[in-house]
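Reader: I would like to go through a protein structure step by step. Please show it first.

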Amino acid sequence: MQAQQYQQQRRKFAAAFLAFIFILAAVDTAEAGKKEKPEKKVKKSDCGEWQWSVCVPTSGDCGLGTREGTRTGAECKQTMKTQRCKIPCNWKKQFGAECKYQFQAWGECDLNTALKTRTGSLKRALHNAECQKTVTISKPCGKLTKPKPQEKEKWRDRSGESLKRW
């Protein structure tokens with residue numbers, strides 16, 4: 001009986017050993033089957049740089065819109081494409097919807113023209129837009145404030161009561 005158990009244990013051990021060798025062979029074969037990927041070849045293209053049109057809002061003069069892009073090249077697969085874009089609604093559109101400026105404080109009112117002015121320097125340009133480096137804006141001065149006439153001088157007695165000076 002012990003001889004049979006010993007034989008069974010040997011068979012189990014042999015089967016486990018063969019299974020282990022089979023698994024190792026399978027892993028080694030799988031790794032050998034994988035080819036090392038050659039480095040991606042850099043394709044030299046005769047395609048030119050993308051040139052983008054200004055952003056055209058879908059509705060109104062700001063918000064979401066689209067722009068057209070074109071490029072040249074004999075072997076270019078794509079020479080035109082459309083891209084979504086956005087024009088911020090709080091930017092000064094009179095200087096180009098894609099140009100953002102940092103403005104100084106308003107200057108003094110020019111009494112000859114009744115306008116006050118301030119200058120702004122370019123802070124940011126969207127999508128390589130061509131923007132002026134500095135811009136100047138003017139606006140009406142509004143109501144000219146006249147100095148208030150001085151109030152009549154008030155006198156106070158020792159108790160703090162106010163006495164009008166006649």
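Author: This is a predicted model, and the questions below go through its disulfides, a sheet and some aromatic rings.

Reader: How many disulfides does the structure hold?

Author: A pair of cysteine sulfur atoms counts as a disulfide if the two lie within 2.5 Å. One example is C47 with C76, where the sulfur atoms are 1.8 Å apart. Over the structure, the number of disulfides is four.

Reader: How many residues apart are C47 and C76?

Author: C47 lies in the loop between α1 (2-33) and β1 (51-52). C76 lies in the loop between β3 (63-70) and β4 (80-87). The disulfide therefore links distant parts of the chain, and along it the two cysteines are separated by 29 residues.

Reader: Which of the two, C47 or C76, is buried?

Author: Buried means under 20% relative accessible area. C47 has 22%, so C47 counts as partly exposed. The value for the other cysteine is 12%, so the buried one is C76.

Reader: Where in the chain does the disulfide partner of C55 sit?

Author: C55 is joined to C85, with 2.0 Å from S to S. The link connects distant parts of the chain, 30 residues apart. C55 is in the loop between β1 and β2 (56-57), while C85 is in strand β4.

Reader: Is the link of C55 and C85 left-handed or right-handed?

Author: Both cysteines of this link are buried. The angle about the S-S bond is 90°. The link is right-handed.

Reader: What is the angle about the S-S bond in the link of C109 and C141?

Author: C109 and C141 form a disulfide with sulfur atoms 1.8 Å apart. C109 is in the loop between β5 (99-103) and β6 (115-125), and C141 is in the loop between β7 (134-140) and β8 (154-156). Their link is right-handed, and the angle is 100°.

Reader: Is C141 buried or exposed?

Author: Its partner C109 has 26% relative accessibility, so C109 counts as partly exposed. For C141 the value is 15%, and buried means under 20%. C141 is therefore buried.

Reader: Which strands stand at the edges of the open sheet of three strands?

Author: The order in this sheet is β5-β6-β7, with antiparallel pairing. An edge strand has a single partner strand, so one side of it is left without a neighbour in the sheet. The strands at the edges are β5 and β7.

Reader: By how many degrees are neighbouring strands of this sheet turned against each other on average?

Author: The angle ignores the direction of the strands. On average, it is 45°.

Reader: What is the bridge partner of T119 in β7?

Author: β6 and β7 run antiparallel, and seven bridges join them. In β7, the bridge partner of T119 is T136.

Reader: Why does the pair of F13 and F17 count as stacked?

Author: A search of the whole structure finds three aromatic pairs. In the pair of F13 and F17, the ring centres are 6.4 Å apart. Planes under 30 degrees apart count as stacked, and the angle between these planes is 20°.

Reader: Which of F13 and F17 is exposed?

Author: The two are four residues apart in helix α1, so they are separated by about one helical turn. F17 is partly exposed at 45% relative accessible area. Exposed means over 50%, and the residue with 61% is F13.

Reader: What kind of pair do Y101 and F103 form?

Author: Both Y101 and F103 are buried. The centres of their rings are 6.3 Å apart. Their planes are at 55°, so the pair is tilted.

Methods
Residues are numbered from 1 along each chain as its sequence is written. This is a predicted model: local features need pLDDT of at least 70, side-chain atom pairs count only at pLDDT 80 or more; totals for chains, interfaces and linings use all residues. Side-chain values use heavy atoms; hydrogens and water are left out. Buried means under 20% relative accessible area, exposed over 50%, partly exposed in between (1.4 Å probe, protein chains only). Two strands pair if DSSP finds at least two bridges between them. Axes are lines fitted to C-alpha atoms, for helices over the stretch in contact, and angles run from 0 to 180 degrees between N-to-C directions. Rings of Phe, Tyr and Trp (its six-membered ring) pair if their centres lie within 6.5 Å; planes under 30 degrees apart count as stacked, over 60 as edge-to-face and the rest as tilted.
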